[in-house]
Amino acid sequence: AILFTSGTWTFTASDTGSGGTSYLPDTSAGVVTVAGPPTKLVSILPNQALYPGTLGGVSGTASQPTAGSVFSATLYVTDAYSNPVSTGRNPIFVQTSDPNDVDPGAFSLVGGQLIVNTISPYTAGLVSLISTDNDASAPALTQAISTFTVQAAPASQIQLVLPGETAAPGNLAGRPRLRPLDRGSLGQLSQ
């Protein structure tokens, strides 16, 4: 048998009786398998669970937070088959792909696990949570990238976009981003 999930297992062998000779069944209890060496980070978002014994390591579909709301994610250090491994890698850097939020930052693992409570994306749409091992004293763990959808929050302000500006959804300052223009493209502006 090839086992991919760490834990304690029981094996039973029994004769199917097709060879004419009948053998008594036998059971081996308490067969222990342990996790392999740490190889990757796995991030678990709300509505998901760690799924040891699999390559991906995640079961469930992430919930869809509302822009500006705060939620948590749990990071695990695992072996190649997503079995948790107790280790203390430091630092683990956590960031999102949202250009308008404040990245959660650098954290320390305790027993191969970390809960990040400061994830708060502001831009609606697809966002990725990226967790990277920055511990230079050991071989780097494969980073975890979890993608989820952020729902737009209810309207709360009006954004005025002038010529030469581009709307910037999720920008808390409420100001659009300026795009470069050549000097003559707007003509004369009067006050």
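Two strands pair if DSSP finds at least two bridges between them, and the strands themselves are DSSP runs (E, at least two residues), numbered from the N terminus, as are helices (H or I, at least four residues). With that in hand, welcome to the close-ups. This is a predicted model, in which local features need pLDDT of at least 70 and side-chain atom pairs count only at pLDDT 80 or more, while totals for chains, interfaces and linings use all residues. Residues are numbered from 1 along each chain as its sequence is written, and side-chain values use heavy atoms, with hydrogens and water left out.

**View 1. Four strands form an open sheet in the order β8-β7-β10-β11.**
The pairing here is antiparallel. At the edges are β8 (105–107) and β11 (144–150), and each of them pairs on one side only. On average, neighbouring strands of this sheet are turned by 20 degrees against each other, direction ignored. (Strand axes are lines fitted to C-alpha atoms, for helices over the stretch in contact, and angles run from 0 to 180 degrees between N-to-C directions.) Look for β7 and strand β10 (residues 125–133), which pair in the antiparallel sense over five bridges. Thr96 stands opposite Leu129 in β10.

**View 2. Ser128, a residue of strand β10, has a polar contact with Thr147.**
The side chains of Ser128 and Thr147 are joined by a polar contact of 3.1 Å. A polar contact is a pair of N or O atoms within 3.5 Å; within protein, one must be able to donate a hydrogen and the other to accept it, and residues adjacent in sequence count only if both atoms are side-chain atoms. Is Ser128 buried or exposed? Ser128 is buried, with a relative accessible area of 16%. Buried means under 20% relative accessible area, exposed over 50%, and partly exposed in between (1.4 Å probe, protein chains only).

**View 3. A second view shows an open sheet of three strands in the order β3-β6-β9.**
Its strands pair in the antiparallel sense. The edges are taken by β3 and β9 (113–119), each with a single partner strand, so one side of each is left without a neighbour in the sheet. Neighbouring strands of this sheet are turned by 25 degrees against each other on average, direction ignored. Five bridges link β3 and β6, and five bridges also join β6 to β9. In strand β6, Thr74 stands opposite Ile44 and Val77 stands opposite Leu41. Across the other pairing, Leu75 stands opposite Leu114 in β9. Why is β6 largely enclosed by the rest of the structure? Seven of the eight residues of β6 are buried, so β6 is largely enclosed.

**View 4. Two loop residues, Asn47 and Ser82, have a positive phi.**
Most residues other than glycine have a negative phi. Asn47, which is not a glycine, has a positive phi of about 80 degrees. You can find Asn47 in the loop between β3 (40–44) and β4 (49–50), where it counts as exposed at 59% relative accessibility. Ser82 has a positive phi of about 65 degrees, and it is not a glycine either. Ser82 sits in the loop between β6 (71–78) and β7 (92–96). Unlike Asn47, which is exposed, Ser82 is buried, with a relative accessible area of 0%.

**View 5. Ser120 lies in the loop between β9 and β10.**
Ser120 counts as buried, at 10% relative accessibility. How far apart are Ser120 and Val150 in space, C-alpha to C-alpha? They are 9.8 Å apart, with their positions 30 residues apart in sequence.

**View 6. The largest pocket is lined by 16 residues.**
Nearest its centre lie Tyr122, Ala153, Ser156, Gln157 and Gly170. The pocket holds about 410 Å³ of space. A pocket is an open set of points on a 1 Å grid over the protein atoms alone, where a 1.4 Å probe fits, with protein on both sides within 12 Å along at least five of seven lines; lining residues have an atom within 4 Å of a point. Grid points are joined across faces, edges and corners, and a volume is the space filled by probe spheres set on the points. The lining divides into 10 nonpolar, six polar and no charged residues. Ala, Val, Leu, Ile, Met, Phe, Trp, Tyr, Cys and Pro count as nonpolar, Asp, Glu, Lys and Arg as charged, and the others, Gly among them, as polar.

**View 7. The whole chain has zero helices and 13 strands.**
Of the 191 residues in the chain, buried residues make up 31%.
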